[in-house]
Amino acid sequence: MDLSKRVAAGFALVVLVVGIFFVVQITVEEWLTLNPPGQMSPVVDSGETFHFTKTGFNYFSECYRPYKEPLPIAVSDDLKDASWYLMFVPLNVTPPYGGNPKLGRPGYVRVDYAFQNLAGTAAFHILAISGSSWRTNRIEGYGPSAVFVRGNATPGDARGPTTELTEYNDIQVLPAGGGDDSGDIAPYAYYIHFDPASGGLNSLHLTQDLSLVRGEMVYTDEQSGSFCLTSSGGNDLDEVLLLVAVDEVQPDDFALELKAQFIATDG
Amino acid sequence: MFSVRTYFTLNEIALMSLLGGLFFVLKTALRMPLSIPGHTGIFLVIPVIIGVAIIRKPGSGTYIGLVAGVLLSFFGVSGMHVFDVFQYTALGMSVDFSGYFFHYRMESVPVSILAGIAGNVAKMLVNFAVDLAIGVPFVVVAIGAGISAVSHVIFGALGGLVSAYLVARLIKTGVIARNAGDAGADDTDA
């Protein structure tokens, strides 16, 4: 075949390829006309399930959680002076698109929890990073939100290995179950930095009722249930950490199962 | 047994690596605020086509694309990160195949245009495949496939057009040696 015929064949192939892609595009457009996105089921990610025992609580704190200034974990009269054992659970560890909670798309993170033999009270808070700026939920002032679950098991008598949080900003925190035997936590840790010059308390919320834009304070005795992590503004979030805190040493048969699932919404 | 060292001369390997580096530099330096799919093809196909035109051996375009893909992947220039390797290797392979199919007549405008189109469209196809592989719904990928194909063809063709001019000039100035009507690959003067 001489060159001119090859060139002609090449251009014909280009036209054919472009034509095929147009047929695909038109077919999909027609399909979308027949199946408008508004009538489709919302996209639900596969979710991820975590299992923890008492050793998951790898931090100890006198009352406070990370923020640019010490921020209380609880404000009710019976809990405001309590000390807490903390764990940080990263909720967006699955690959992009297929997976789990990343509030980069409009939507919320549904968290299903199930405690076994919970002693004292467990508190749930959210921490998230957007760019280089960390945010968390407020529990005082306008729009407080958090989830507190009261258990009735007998407290344990020996706590697992914990690190005391003495600083609450510019700190590295190791997620529950993270790290290795070397003791170097840096490769596995999250560096939490709240900018002292900006806010960070107003856009993240916890709620069981999605109609409450700014979330709600939930106090419950239910040992299993669900709540949602929501964002009411600001930039997309890159990383989401769930802070779980308990105010008692947990018994040896304590167990916590968390299932986190990103559920997309229309916007 | 096949060996890159015996298949390509040291000069050729050096040239291909430099062109792969040029590809990376172009992609990094020329950031045009055009939200048109495939617009980078207007300059990305040029180093590959010139490399294939000079080396005139199957595999030269693949090598250039691979070097560029590894560099882009390593430096995380685009959002596809490690998948850049596949995209740009595919681009290089397509230009390679075009060169072989058209007897390395890259100074010919239609040939160079077709090579540019082939490279840019191959990049688009791999991009689609990666999107599907990482879980992007088919509908999202397919909804703009036709328009995207057209823009990739146009920008690839423009890149090929520029390449044809450059290759012709390089031949005219003697940088690339050519025998009249030559279809072989043994007169490289790179």
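The paragraphs below go through a predicted model, beginning with its two chains and ending with a cavity.

Chain A is built mainly as a set of strands: its secondary structure comes to 17 strands and one helix. In chain B the count is eight helices and zero strands, and from the N terminus on its elements therefore read α-α-α-α-α-α-α-α. Of the 267 residues in chain A, 46% are buried; for the 190 residues of chain B the buried share is 51%. The contacts can be described by sequence separation. In chain A, 79% of the contacts with a separation of 6 or more are between residues 24 or more positions apart. In chain B, 75% of the contacts between residues at least 6 apart join residues at least 24 apart.

Within chain A, five strands form an open sheet with antiparallel pairing, in the order 1-17-6-15-13. Strand 1 (48-52) and strand 13 (204-207) of chain A stand at its edges; each has a single partner strand, so one side of each has no neighbour in the sheet. From one strand to the next, the twist averages 20 degrees.

The pairings can be followed across this sheet from strand 1 of chain A. Five bridges connect strand 1 with strand 17 of chain A in the antiparallel sense, and A:Thr49 stands opposite A:Lys259 of strand 17. On to strand 6 of chain A, strand 17 pairs over 10 bridges, again antiparallel. Here A:Gln116 faces A:Ala255 in strand 17 of chain A. Strand 6 (residues 107-116) of chain A is in turn paired with strand 15 (residues 224-231) of chain A over six bridges, in the antiparallel sense, with A:Tyr113 opposite A:Gly225 of strand 15.

How many of the residues of strand 17 of chain A are buried? Strand 17 (residues 255-264) of chain A has seven of its 10 residues buried, so it is largely enclosed by the rest of the structure. The cut-off for buried is a relative accessible area under 20%. In a regular strand, side chains alternate between the two faces of the sheet.

Another pairing in chain A involves strand 7 (residues 121-130) and strand 8 (residues 133-136), which run antiparallel and are joined by four bridges. A:Ala128 stands opposite A:Arg135 of strand 8 in chain A. The two strands make a hairpin with two residues between them, and in the turn A:Gly131 has a positive phi of about 65 degrees.

Positive phi also occurs outside glycine in this model, as the next two residues show. Most residues other than glycine have a negative phi. A:Asp170, which is not a glycine, has a positive phi of about 55 degrees. A:Asp170 lies in the loop between strand 10 and strand 11 (171-173) of chain A. Its relative accessibility is 40%, so A:Asp170 counts as partly exposed. In chain B, B:His103 has a positive phi near 55 degrees. The place of B:His103 is the loop between helix 5 (84-101) and helix 6 (109-133) of chain B. B:His103 has a relative accessible area of 28% and is therefore partly exposed.

A:Pro161 lies in a loop of chain A, between strand 9 (146-150) and strand 10 (163-164). Is A:Pro161 buried or exposed? At 68% relative accessibility A:Pro161 counts as exposed, because the class begins over 50%. Leaving aside residues up to four places away in sequence, A:Pro161 touches A:Phe57 and A:Asn58. Between A:Pro161 and A:Phe57 there are 8.3 Å from C-alpha to C-alpha, and the two are 104 residues apart in sequence.

A:Phe57 appears again in the lining of the largest cavity. Rolling a probe the size of a water molecule over the atoms shows where empty space is left. A search of the whole structure finds one cavity of 30 Å³ or more, and about 60 Å³ of space lies in the largest cavity. Which residues line the largest cavity? The lining consists of A:Lys54, A:Phe57, A:Tyr85, A:Arg159, A:Gly160, A:Thr162, A:Glu248, A:Val249 and A:Gln250. By type, these lining residues divide into three charged, three polar and three nonpolar.

How values were computed: Residues numbered from 1 in each chain as written. Chains lettered and ligands numbered in written order. Predicted model: local features only at pLDDT ≥ 70, side-chain atom pairs only at ≥ 80, totals over all residues. Heavy atoms only, no water. 1 Å grid on protein atoms, 1.4 Å probe; cavity = no way out; pocket = protein on both sides within 12 Å on 5 of 7 lines; lining within 4 Å. Points joined across faces, edges and corners; volume = space filled by probe spheres on them. Nonpolar A, V, L, I, M, F, W, Y, C, P; charged D, E, K, R; others polar. Pairing = 2+ DSSP bridges. Axes fitted to C-alpha atoms, helices over the stretch in contact; angles between N-to-C directions. Buried < 20%, exposed > 50% of the residue type's maximum accessible area, 1.4 Å probe, protein only. Contact = heavy atoms within 4.5 Å.
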